[in-house]
Amino acid sequence: MSGTATARASLEATASLLAPAHPRVVERMLHAHDDPESYVRTHASRLDDRGIHEPTAELAWIALVDALYDHQLLAEFDWKEDPQEIRAQLTLLDSRPSVDPWVLFDADEMSLPTYDFLAACGRRYRDVGAALAVLDIESDCYPVVCLRAARAEELTALAGRAGFTARTLGV
């Protein structure tokens with residue numbers, strides 16, 4: 001399998017892993033991978049918010065992040081996000097665990113800086129069988145997904161094979 005075919009297959013598997021009930025997430029990411037010029041034209045206003053005006057090597061990864069966000073499967077946090085806002089956004093994810101990890105938090109954790117708080121969230125989510133992971137888009141934000149803890153290493157490996165980075169939080 002060629003490098004491009006491997007990257008495409010890995011991206012498709014990543015999208016399927018993170019959005020198993022949402023085939024449009026896969027379709028959108030594949031559109032960006034297979035026809036980047038058309039994708040940029042179709043999603044120009046959304047991409048403009050990210051400073052993207054032409055196809056880039058990361059376009060399919062950005063398309064995945066945006067599609068997951070649109071389906072409430074990803075929350076995107078600024079590097080200086082308030083812990084209460086992080087909590088609010090994580091509880092809105094359709095992929096959140098059925099058991100509420102927030103009962104496990106210590107009061108001291110609610111005053112941590114953004115990345116440290118996200119790491120604490122990752123540890124608490126692990127305690128209830130879920131994992132939080134950052135899909136790195138090389139920006140000053142943290143696009144965060146939630147998935148079953150047993151699949152976190154698979155996500156990291158798939159992202160790596162596609163040429164991108166997914167980091168599990170709190171491990």
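Axes here are lines fitted to C-alpha atoms, for helices over the stretch in contact, and angles run from 0 to 180 degrees between N-to-C directions. Helices (H or I, at least four residues) and strands (E, at least two) are DSSP runs, numbered from the N terminus.

A word on the ground rules before we start. This is a predicted model, where local features need pLDDT of at least 70 and side-chain atom pairs count only at pLDDT 80 or more, while totals for chains, interfaces and linings use all residues. Residues are numbered from 1 along each chain as its sequence is written, and side-chain values use heavy atoms, with hydrogens and water left out.

**Exercise 1. Describe how α6 and α7 pack.**

Step 1: get the geometry. The axes of α6 (residues 83-92) and helix α7 (residues 114-127) come within 10 Å and cross at roughly 40 degrees.

Step 2: name the arrangement. Angles under 35 degrees count as roughly parallel, over 145 as roughly antiparallel, 65 to 115 as roughly perpendicular and the rest as oblique. The two helices α6 and α7 are therefore oblique to each other.

Step 3: add the hand. A crossing is left-handed if the near helix is turned anticlockwise from the far one by less than a right angle, and right-handed if clockwise. For α6 passing α7, the crossing is right-handed.

Step 4: list who touches whom, with contact meaning heavy atoms within 4.5 Å. From α6 come Pro-83, Ile-86 and Leu-90, and they meet Thr-114, Phe-117, Leu-118, Cys-121 and Tyr-125 in α7. Sorted by class, the contact of α6 with α7 has seven nonpolar, one polar and no charged residues. For the classes, Ala, Val, Leu, Ile, Met, Phe, Trp, Tyr, Cys and Pro count as nonpolar, Asp, Glu, Lys and Arg as charged, and the others, Gly among them, as polar.

**Exercise 2. Do the same for α2 and α5.**

Step 1: the axes of helix α2 (residues 23-34) and helix α5 (residues 59-70) come within 8 Å and cross at roughly 155 degrees.

Step 2: α2 and α5 are therefore roughly antiparallel to each other, and their crossing is right-handed.

Step 3: on the α2 side you'll find Val-25, Arg-28, Met-29, Ala-32 and His-33; among their partners in α5 are Leu-59, Ala-63, Asp-66 and Asp-70. By class, the contact of α2 with α5 has nine nonpolar, one polar and three charged residues.

**Exercise 3. Put the sheet together, strand by strand.**

Step 1: start with β1 and β3. Strands pair if DSSP finds at least two bridges between them. Five bridges join β1 (residues 74-78) to β3, and the two run antiparallel; Glu-76 stands opposite Pro-143 in β3.

Step 2: bring in β2. Strand β2 (residues 130-136) pairs with β3 in the antiparallel sense, over five bridges. Two of the matches are Ala-131 opposite Leu-147 and Val-134 with its bridge partner Val-144.

Step 3: finish with β4. Four bridges join β2 to β4, again running antiparallel, and Ala-133 has Thr-168 as its bridge partner in β4.

Step 4: read off the order. You get an open sheet of four strands, β1-β3-β2-β4, with antiparallel pairing. Both β1 and β4 (165-168) stand at the edges with a single partner strand each, so one side of each is left without a neighbour in the sheet. The twist averages 30 degrees from one strand to the next.

Step 5: see what lies against the sheet. Helix α8 (residues 152-162) packs on it, touching β2, β3 and β4, and its direction makes about 160 degrees with that of β4.

**Exercise 4. Sort out what is buried and what is exposed.**

Step 1: set the cut-offs. Buried means under 20% relative accessible area, exposed over 50%, partly exposed in between (1.4 Å probe, protein chains only).

Step 2: look at the strands. Seven of the eight residues of β3 (residues 141-148) are buried. In β4, Ala-166 and Thr-168 make up a covered face, while Thr-165 and Arg-167 make up an uncovered one.

Step 3: compare two residues of α6. Gln-89 counts as buried at 18% relative accessibility, whereas Leu-92 is exposed at 54%. Leaving aside neighbours within four places in sequence, Gln-89 is in contact with Ala-75, Glu-76, Phe-77 and Glu-81.

**Exercise 5. Which loop holds Glu-138, and what is its phi?**

Step 1: Glu-138 lies in the loop between β2 and β3, strands that form a hairpin with four residues between them.

Step 2: most residues other than glycine have a negative phi. Glu-138 has a positive phi of about 55 degrees although it is not a glycine.

Step 3: Glu-138 is exposed, with a relative accessible area of 71%.
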